[in-house]
Amino acid sequence: MYIIAGLGNPDRQYEGTRHNAGFDVIDRIADKYNISIDGRKHRAYIGKGIINGQKVILAKPQTYMNLSGESILSLVDYYKIDEETELLVIYDDISLDVGQIRIRARGSAGGHNGMKNIIAHLGTQVFPRIKVGVGEKPKGYDLADYVLGHFSKAERELMDEGYDHAVRAAEMIISGEMSEAMNEFNRKKKEGE
C-alpha cells in the first residue's frame with residue numbers, strides 16, 4: 001500500500017494558492033482515478049483507491065502546513081507502511097520555476113516548514129517526495145504573503161502542466177519506477193521546450 005500525501009492549508013481562503021500545490025496535485029490524481037477524498041481520519045481528508053494495480057491512500061492533511069507531520073505520522077503508524085518505500089509527499093517549492101517539478105528519494109526540508117515538521121515527526125528524511133515549483137519570491141515580498149498568494153493567469157497555465165507532470169511522476173514512483181521518473185522530470189528544461 002502507498003500513502004500519497006499532498007501538503008496545503010485547509011480553509012477556502014487558501015484554495016489555489018502557491019502553498020496548496022500539493023493539495024491540487026492530490027485532487028488531480030483523485031479525479032483521474034475516480035477516488036473520493038471524503039474520509040476524515042488522522043487529521044486529514046483521505047480517499048482509498050487503486051492506481052496501476054497498487055492500493056493507495058490519498059491524503060490532504062488538515063493540520064495547516066506547519067503541522068503536517070502530525071497527520072503524516074498518524075497515517076504511517078496506523079497503516080503500518082514503510083515511509084522509505086511506501087510514502088510519497090507532494091509539496092510546493094519556491095526554488096523551482098513555476099510548473100517545474102523535481103523528484104527526490106530523500107533530502108532535507110530545504111526551508112519548507114511543512115517538510116521540516118514531517119521530518120521531525122517521522123525521525124527520518126529518507127522518503128520520496130515530488131516538489132512542485134511555484135516560482136521564486138520577488139524581491140521585497142514577504143515569504144508568507146508570497147506562498148499564500150494566488151497565481152496569475154499565465155502562471156496557472158504553467159501550473160496545470162506541472163500538476164499533470166506530478167501526477168505522471170507519482171504514477172511512476174508507486175509503480176517502482178523512481179529512477180525513471182527522476183530521469184524524465186528532473187532534467188532542466190531547455191529554451192523552447
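In this predicted model, the side chain of His-19 makes a polar contact with the side chain of Asp-92, at 3.0 Å. His-19 sits in the loop between β1, which covers residues 2–6, and α1, which covers residues 21–33. UniProt, in an unreviewed entry, places the feature "active site" at His-19, and an annotation of this kind may be inferred rather than shown by experiment. Is His-19 buried or exposed? Its relative accessibility is 13%, and because buried means under 20%, His-19 counts as buried. If neighbours within four places in sequence are left aside, the residues in contact with His-19 are Leu-7, Gly-8, Asn-9, Met-65, Asp-92, His-112, Val-147 and Leu-148, so that Asp-92, the partner in the polar contact, appears in this list together with residues from several other parts of the numbering, including Leu-7 and Leu-148.

A second loop to look at is the one between β4 (54–61) and α2 (68–79), where Gln-62 is found. Gln-62 has a relative accessible area of 15% and is therefore buried. A polar atom of its side chain lies 2.9 Å from the backbone oxygen of Lys-60, and, not counting residues up to four places away in sequence, Gln-62 touches Pro-10, Phe-23, Arg-40, Arg-43, Ala-44 and Tyr-45.

Arg-43, one of the residues that Gln-62 touches, also leads to Glu-70, since the side chains of Glu-70 and Arg-43 make a polar contact at 2.3 Å. Glu-70 belongs to helix α2, and with a relative accessibility of 26% it counts as partly exposed, because that class lies between the limits of 20% and 50%. Apart from residues up to four places away in sequence, Glu-70 touches Arg-43, Thr-63, Asn-117 and His-121. How far apart are Glu-70 and His-121 in sequence and in space? They are separated by 51 residues in sequence, whereas the distance from C-alpha to C-alpha is 6.7 Å.

Asn-117 brings us to helix α4, which runs over residues 113–122 and in which Gly-114, Met-115, Asn-117, Ile-118, Ile-119 and Leu-122 are buried. An α-helix has 3.6 residues a turn, so residues three or four places apart point the same way. In α4, the buried residues pack against α2, α3 (83–86), β5 (87–93) and β7. After α4 comes Gly-123, which has a positive phi, near 75 degrees.

Strand β7, one of the elements against which the buried residues of α4 pack, spans residues 129–133 and contains Lys-131. Lys-131 is buried, with a relative accessible area of 18%. Leaving aside neighbours within four places in sequence, Lys-131 is in contact with Tyr-91, Asp-93, Leu-96, Gln-100, Ile-101, Arg-102 and Arg-104.

The last stop is the empty space within the model. How many cavities of 30 Å³ or more does the structure hold? There is one, and about 30 Å³ of space lies in the largest cavity. The residues that line the largest cavity are Ile-4, Ile-29, Ile-51, Val-167, Ala-170, Glu-171 and Ile-174. Helix α6, residues 153–174, gives the most to this lining, with four residues. By type, the lining of the largest cavity divides into six nonpolar residues, no polar ones and one charged residue.

How values were computed
Residues are numbered from 1 along each chain as its sequence is written. This is a predicted model: local features need pLDDT of at least 70, side-chain atom pairs count only at pLDDT 80 or more; totals for chains, interfaces and linings use all residues. Side-chain values use heavy atoms; hydrogens and water are left out. On a 1 Å grid over the protein atoms alone, a cavity is a set of points where a 1.4 Å probe fits but cannot get out, and a pocket is an open set with protein on both sides within 12 Å along at least five of seven lines; lining residues have an atom within 4 Å of a point. Grid points are joined across faces, edges and corners, and a volume is the space filled by probe spheres set on the points. Helices (H or I, at least four residues) and strands (E, at least two) are DSSP runs, numbered from the N terminus. Ala, Val, Leu, Ile, Met, Phe, Trp, Tyr, Cys and Pro count as nonpolar, Asp, Glu, Lys and Arg as charged, and the others, Gly among them, as polar. Buried means under 20% relative accessible area, exposed over 50%, partly exposed in between (1.4 Å probe, protein chains only). A polar contact is a pair of N or O atoms within 3.5 Å; within protein, one must be able to donate a hydrogen and the other to accept it, and residues adjacent in sequence count only if both atoms are side-chain atoms. Contact means heavy atoms within 4.5 Å.
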